[in-house]
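Here is a short set of exercises to work through with the viewer open. Try each task before you read its solution.

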Amino acid sequence: MAGRLEGKVAFITGVARGQGRSHAVRFAEEGADIIGVDICAQVPGVEYPMANREDLDETINMVEKTGRRIVADVADVRDRAAMAAVLNRGVDELGRLDTVICNAGVMPSYGPTSDSMAAWNAAVDVLLTGQMHTIELAWPRLVEQAEGGSIVITSSMAALRPMMRTLEGRTLGVLGYSAAKAAVVNLARNYASVLAEHRIRVNTVHPTGVRTPMVENDMIESHFADATEQDLLALNNPIPVDLVEASDITDMMVFLASDESKMVTGSYFPVDAGATLR
């Protein structure tokens with residue numbers, strides 16, 4: 001039986017682990033071939049350990065076990081030339097491009113360097129400029145193919161509600177993260193507007209905390225151990241779960257990449273256990 005993404009090719013950033021790996025493997029299970037990138041290195045201003053080359057190799061192995069093809073390599077979304085090299089190689093090898101998942105992310109929100117300009121710059125450069133680089137590289141190919149397509153940006157509940165509730169919880173990292181996640185909503189709507197005539201849809205997905213290494217680490221654990229009662233309310237999920245799973249976000253990505261969403265564009269989709277209700 002054909003999968004929901006049979007014959008499609010998806011370009012996914014931040015593919016080495018976490019949500020990116022979940023998307024890559026599930027897309028492959030649904031019939032898609034994958035082009036993937038990940039920085040596989042530490043970004044200044046980010047306190048928790050980021051993905052490495054071994055993580056990327058494991059994602060490649062997991063995708064290949066599904067029987068689908070993958071072209072993946074190390075590239076920083078802030079480096080458009082490096083990204084272009086991987087994307088060009090992937091399209092040459094796999095023959096086309098259908099879906100773009102702008103997933104690469106950092107969360108320099110807490111820890112010793114979180115109130116520095118390095119934290120602000122890391123958030124804005126990766127989460128906003130990096131997403132712009134990704135889309136700018138991809139949309140001309142989608143237009144040239146003249147078969148439509150789907151672009152999805154991973155935003156956050158932080159785009160829809162304040163993540164800072166007290167001065168004790170204020171850092172430039174939280175501000176940069178929240179500002180960038182909000183800005184990509186506007187970015188997506190502008191791209192959705194200009195690409196609609198080519199049947200290319202552009203949408204954003206807004207998770208609450210997701211059970212990945214970005215959230216399950218010493219930086220986050222230390223912050224919430226000392227957080228005020230008010231600051232703890234920033235991640236209050238009405239559906240009684242502490243975190244959602246990466247697969248919960250992937251479910252939405254599959255829908256937005258599939259033909260089931262062919263008339264959906266310029267929209268935002270919280271997958272937040274109701275967090276933005278309160």
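For the class counts below, Ala, Val, Leu, Ile, Met, Phe, Trp, Tyr, Cys and Pro count as nonpolar, Asp, Glu, Lys and Arg as charged, and the others, Gly among them, as polar. Keep in mind that this is a predicted model.

**Exercise 1: the cavities**

Task: Find how many cavities of 30 Å³ or more there are, and describe the lining of the largest cavity.

Solution:
- Step 1. Start with the count, which comes to two cavities of 30 Å³ or more.
- Step 2. Get the volume: the largest cavity has about 730 Å³.
- Step 3. Look at who lines it. There are 44 lining residues, and Tyr48, Gly105, Val106, Met107 and Met214 are the closest to the centre of the largest cavity.
- Step 4. Map the lining onto elements. Helices H1 (18-29), H4 (117-145), H5 (172-195) and H6 (218-226) each give two or more residues to it, with H5 providing the largest share, four residues.
- Step 5. Sort by class: the lining of the largest cavity splits into 26 nonpolar, 14 polar and four charged residues.

Task: Now do likewise for the second largest cavity: which residues line it?

Solution:
- Step 1. The volume of the second largest cavity is about 40 Å³.
- Step 2. Its lining is made up of Tyr110, Met163, Gly169, His223, Phe224, Asp231 and Ala234.
- Step 3. By class, that gives four nonpolar, two polar and one charged residues for the second largest cavity.

**Exercise 2: the salt bridges**

Task: Work out which parts of the chain are tied together by the pair Glu6 and Arg68.

Solution:
- Step 1. Recall the general idea: side chains of opposite charge can pair when their charged atoms come close.
- Step 2. Check the distance. The cut-off is 4 Å between nitrogen and carboxyl oxygen, and the closest N and O atoms of Glu6 and Arg68 are 3.7 Å apart, one salt bridge among the 16 in the model.
- Step 3. Place the partners. Glu6 sits in the segment before strand S1 (9-13) and Arg68 in the loop between helix H2 (53-65) and strand S3 (70-74), so this pair links parts 62 residues apart in sequence.
- Step 4. Check exposure: Glu6 is partly exposed at 42% relative accessibility, and Arg68 is partly exposed too, at 22%.

Task: Find which glutamates meet Arg211 in salt bridges.

Solution:
- Step 1. Glu216 pairs with Arg211 at 3.3 Å, N to O.
- Step 2. Glu245 also meets Arg211, at 2.9 Å. Glu245 lies in the loop between helix H7 (229-232) and helix H8 (246-257) and Arg211 in the loop between strand S6 (200-207) and H6, so the pair ties together parts that are 34 residues apart in sequence.
- Step 3. Arg211 is partly exposed at 36%, as are Glu216 at 46% and Glu245 at 33%.

**Exercise 3: strand S1**

Task: Is S1 buried or exposed, and which strands does S1 pair with?

Solution:
- Step 1. Five of the five residues of S1 are buried, so this strand is largely enclosed by the rest of the structure.
- Step 2. Split the side chains by direction: Val9, Phe11 and Thr13 point one way, Ala10 and Ile12 the other way.
- Step 3. Look for partners. S1 runs parallel to strand S2 (residues 33-38), joined by five bridges; Ala10 has Ile34 as its bridge partner there.
- Step 4. S1 also pairs with strand S4 (residues 99-102), again parallel, over three bridges, and Ile12 is partnered with Ile101 in S4.
- Step 5. Finish with the connection: S1, H1 and S2 form a right-handed β-α-β unit.

Methods: Residues are numbered from 1 along each chain as its sequence is written. This is a predicted model: local features need pLDDT of at least 70, side-chain atom pairs count only at pLDDT 80 or more; totals for chains, interfaces and linings use all residues. Side-chain values use heavy atoms; hydrogens and water are left out. On a 1 Å grid over the protein atoms alone, a cavity is a set of points where a 1.4 Å probe fits but cannot get out, and a pocket is an open set with protein on both sides within 12 Å along at least five of seven lines; lining residues have an atom within 4 Å of a point. Grid points are joined across faces, edges and corners, and a volume is the space filled by probe spheres set on the points. A salt bridge is a side-chain nitrogen of Lys or Arg within 4 Å of a carboxyl oxygen of Asp or Glu. Buried means under 20% relative accessible area, exposed over 50%, partly exposed in between (1.4 Å probe, protein chains only). Two strands pair if DSSP finds at least two bridges between them. A crossover is right-handed if, with the strands pointing away from the viewer, the path from the first strand over the helix to the second runs clockwise.
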